[in-house]
Amino acid sequence: MPTIWEIIAEAQARYSSVTECFDNAKWLQKQADRENEEEGNLKGLDCRKCKNRGHISVVKNDELVWQMCSCMRARKSLERIEKSGLKTAIEELRFDNFLTTEKWQENMLTLAKDYVENGEKKWLFLGGNSGSGKTHLCTAVCGELLKREKAVRYMMWRDEGAKLKAVVNDSAEYSRLIGELKEIEVLYIDDFLKVQRGQQPTPADINLAFEILNYRYANKLQTIISSEKTLDDILSLDDAVGGRIYELAKGFGMSIAYDKNKNFRLRK
């Protein structure tokens, strides 16, 4: 940010007197325009609004000030996504490379695209058959929402659920960790309620799911869920958890019936 003396020096170079400059206040806007033409060096997104500087120079109350660009929210989300290990997945798992050789795959793709356009304050649920492309499409949705400057948080249920349960007796740490999941603008929960083969989610798993989803349900925060369980499976485990998913994912929910022929991992 230029000092007042630098601004006055600039004004003197452009106008016959400082008084003329202040009478004509256009010099402030010209200064802002010149700064806004400069290219920055921030990585991760190519924002033409701030030219990757992270801020925009504006004139406010007769002063030249920096205003944070809206892209910074998405950049912070990308930092979290990168730490979570989802960054590469977002680059590789897109709508344009989702395989649609079957009608049910076309339906999944259409549903996911529709959610991006019309899913504000709604949830997306893709459940059922393993290897059917649920994670691919949910990741593609996250990528599209990031482009729209949404703050997105990725949660691998089994890993982060275990971490939360391990600190449940440390109220400060537990509140910090679960608060990130509750309050983020868009939360993507991958492999929701997945446990070890042959086991069922424990009461602690259900309580954790309810605490996160109930907060997001009450505040109508966008939530994306992929699970190897169908919605009927979840309802049979817990009406409260399943009911909230059913209500907010209405119109944006799909369960793929179990069929090993739909597991495309086995075809590779």
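In this predicted model, Glu185 is partly exposed, with a relative accessibility of 24%, and the side chain of Glu185 meets that of Lys150 in a salt bridge with an N to O distance of 3.8 Å. Lys150 sits in the loop between α7 and β4, while Glu185 belongs to the loop between α9 (171-183) and β5, so this pair ties together parts of the chain that are 35 residues apart in sequence. The two partners are not placed alike with respect to the surface, because Lys150 has a relative accessible area of 11% and is buried, whereas Glu185, at 24%, counts as partly exposed. Side chains of opposite charge can pair when their charged atoms come close.

The bridge between Lys150 and Glu185 belongs to a wider set, since a search of the whole structure finds 16 salt bridges. Another of them joins Lys194 to Glu228, with the closest N and O atoms 3.5 Å apart. Here Lys194 lies in the loop between β5 and α10 (203-218) and Glu228 in the loop between β6 (222-227) and α11 (231-237), so parts that are 34 residues apart in sequence are tied together by the pair. Lys194 is partly exposed at a relative accessible area of 30%, and Glu228 is partly exposed as well, at 31%.

A pairing within a single helix is found in α9, where Arg176 and Glu173 lie three residues apart, about one turn of the helix. These two residues form a salt bridge in which the closest N and O atoms are 2.8 Å apart. Arg176 counts as partly exposed at 43% relative accessibility, and Glu173 counts as partly exposed at 27%. Both residues also take part in a network of salt bridges that links Arg153, Glu160, Glu173, Arg176 and Glu180.

From the charged pairs we can turn to the nonpolar interior. In soluble globular proteins, nonpolar side chains tend to be buried together. The largest nonpolar core of this model has 32 residues, and the members that touch the most others are Phe95, Leu124, Leu126, Leu137, Val141 and Ile224. Two or more residues of this core come from each of α4 (71-84), α5 (87-92), α6 (103-118), β3 (123-128), α7 (134-147), β4 (152-156), β5 (186-190) and β7 (253-256). Val141 gives a view of the packing from one residue, for, with residues up to four places away in sequence not counted, Val141 touches Phe95, Ala112, Tyr115, Val116, Leu124 and Ile224. Apart from this core lies another, of 29 residues, which includes Trp123, Leu164, Tyr174 and Leu177.

Helix packing can be followed in α10 and α12 (residues 239-248), whose axes are 9 Å apart and meet at an angle of about 35°, in a crossing that is left-handed. On the side of α10 the contact is made by Ile206, Ala209, Phe210, Leu213, Asn214 and Tyr217, and on the side of α12 by Ala240, Val241, Arg244, Ile245, Glu247 and Leu248. Sorted by class, the residues of this contact are nine nonpolar, one polar and two charged.

The loop between β3 and α7 holds Asn129, which is buried, with a relative accessible area of 5%. When neighbours within four places in sequence are left aside, Asn129 is in contact with Lys134, Ile256, Ala257, Tyr258, Asp259, Lys260, Lys262 and Asn263. One of these partners, Asp259, is found in the segment after β7 and counts as partly exposed at 31% relative accessibility. The C-alpha atoms of Asp259 and Ser130 are separated by 8.9 Å, although the two residues are 129 places apart along the chain.

Two details of the backbone complete the tour. Most residues other than glycine have a negative phi, and most peptide bonds are trans. Asn52, in the loop between α3 (26-36) and β1 (55-60), has a positive phi of about 60° although it is not a glycine, and Asn52 is buried, with a relative accessible area of 9%. Leu193, in the loop between β5 and α10, likewise has a positive phi, near 65°, and Leu193 is buried too, at a relative accessible area of 2%.

How values were computed. Residues numbered from 1 in each chain as written. Predicted model: local features only at pLDDT ≥ 70, side-chain atom pairs only at ≥ 80, totals over all residues. Heavy atoms only, no water. Core = buried A, V, L, I, M, F, W, Y, C linked by side-chain atoms within 4.5 Å. Buried < 20%, exposed > 50% of the residue type's maximum accessible area, 1.4 Å probe, protein only. Helix = DSSP H or I, 4+ residues; strand = E, 2+ residues; numbered from the N terminus. Contact = heavy atoms within 4.5 Å. Salt bridge = Lys/Arg side-chain N within 4 Å of Asp/Glu carboxyl O. Axes fitted to C-alpha atoms, helices over the stretch in contact; angles between N-to-C directions. Left-handed = near helix turned anticlockwise from the far one by under 90°. Nonpolar A, V, L, I, M, F, W, Y, C, P; charged D, E, K, R; others polar.
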